[in-house]
Amino acid sequence: MAPERAGFWTEIPQLTRAIARAMGVTFRNLLRRPITVRYPTVKRVYPDRFRGILALTYDGETGEENCIGCRLCEYICPPQVIKVEMLKAEKRNYAKTFTLELYSCEFCELCVQVCPTDAIIMLKSFDLATADRRELLLDKDRLHALGLQFEPSWATGNRLRDMQAPPKPPKPAAAAAAGAAAPAQSSPDRRAPEPAAEAAPTAPSSPDRRAPEASEGAPTANPE
Ligand code: SF4
Ligand code: SF4
């Protein structure tokens with residue numbers, strides 16, 4: 001018992017310091033202004049790269065739906081919450097039906113990344129809270145309406161693919177300019193053809209090489 005009591009008394013300073021530290025944090029925050037935002041009356045400005053709920057887009061010039069019903073987004077979606085039915089038409093295809101179960105969406109953005117026509121995008125908003133799950137089953141009309149209602153995020157499929165693509169090789173003109181500049185600096189490059197010229201003298205040596213073959217043939221002929 002005695003050693004246990006000794007341990008308790010020796011830990012008292014440590015305990016006091018811990019309590020003082022915790023109370024210090026409490027008092028510091030007592031003096032701070034509240035940071036609670038009274039949403040939805042007050043809304044914070046979203047960061048530039050914010051990506052929230054999904055939507056479908058229209059072509060800004062023609063006013064046509066951008067979706068061509070290719071179903072790439074449906075195939076790539078990990079939780080399989082997208083369903084698309086293609087409508088084939090004369091000039092282009094459309095999505096006959098397009099549904100997205102937002103309540104099961106992981107917001108992974110893969111559907112946006114694969115879309116060839118930037119038809120599906122994410123919006124700078126998450127403002128779709130509801131008490132009824134069924135309201136989060138979004139059909140094509142609802143997805144288009146959301147696209148018009150909220151600000152789109154910067155990230156479209158084409159932009160994201162450009163960012164992820166490997167660096168492009170230099171253009172031919174730039175490569176030619178670089179090639180023209182290189183010989184002026186490095187004479188060894190100009191001498192590069194010389195080995196070929198030097199190879200010429202070696203060419204006669206090939207008949208020499210063949211000569212032994214002929215001579216090799218002769219000896220074999222002689223014994224016969
Ligand atoms: S963000 Fe991900 S989970 Fe959500 S619909 Fe697109 S691919 Fe599916
Ligand atoms: S949203 Fe894009 S990827 Fe999905 S079906 Fe339409 S065009 Fe294809």
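In the predicted model, the shell around ligand 1 is made up, by class, of 13 nonpolar residues and two charged residues, with no polar residue among them. This shell comprises 15 residues, of which Cys77, Cys105, Glu106, Cys108 and Cys111 approach the ligand most closely. Cysteine counts as nonpolar in this classification and glutamate as charged, so the nearest residues around ligand 1 include members of both classes that occur in its shell.

A second ligand is enclosed in a comparable description. Around ligand 2 there are 14 residues, and the closest of these are Cys67, Cys70, Cys73, Cys115 and Ile120. By class, the shell of ligand 2 contains 11 nonpolar residues, two polar residues and one charged residue.

The overall organisation of the chain was examined next. Eight helices and five strands are present in the chain. Read from the N terminus, these elements follow the order α-β-α-β-β-α-β-β-α-α-α-α-α; the series therefore begins with a helix and ends with a run of helices. Of the 224 residues in the chain, 16% are classed as buried. When contacts between residues at least 6 apart in sequence are considered, 73% of them connect residues at least 24 apart.

Three of the strands assemble into an open sheet, in which the order is S2-S3-S5 and the pairing is antiparallel. The edges of this sheet are formed by S2 and by strand S5 (137–138), each of which pairs on one side only. In general, the strands of a sheet are held in register through backbone hydrogen bonds, and their pairing may be parallel or antiparallel.

Within the sheet, strand S2 (residues 82–87) is joined to strand S3 (residues 94–101) by six bridges in the antiparallel sense. These two strands constitute a hairpin, with six residues lying between them. Across this pair, methionine 86 is placed opposite alanine 95 of S3.

On the other pairing, S3 and S5 run antiparallel and are connected by two bridges. Here leucine 100 has leucine 138, in S5, as its bridge partner. Helix H4 (residues 140–149) packs on the sheet, where it touches S3 and S5. The direction of helix H4 makes an angle of about 80 degrees with that of S3.

Note on methods
Residues numbered from 1 in each chain as written. Chains lettered and ligands numbered in written order. Predicted model: local features only at pLDDT ≥ 70, side-chain atom pairs only at ≥ 80, totals over all residues. Near = placed C-beta within 6 Å. Helix = DSSP H or I, 4+ residues; strand = E, 2+ residues; numbered from the N terminus. Buried ≥ 20, exposed ≤ 12 C-beta atoms within 10 Å, placed from the backbone. Contact = placed C-beta atoms within 7 Å. Pairing = 2+ DSSP bridges. Axes fitted to C-alpha atoms, helices over the stretch in contact; angles between N-to-C directions.
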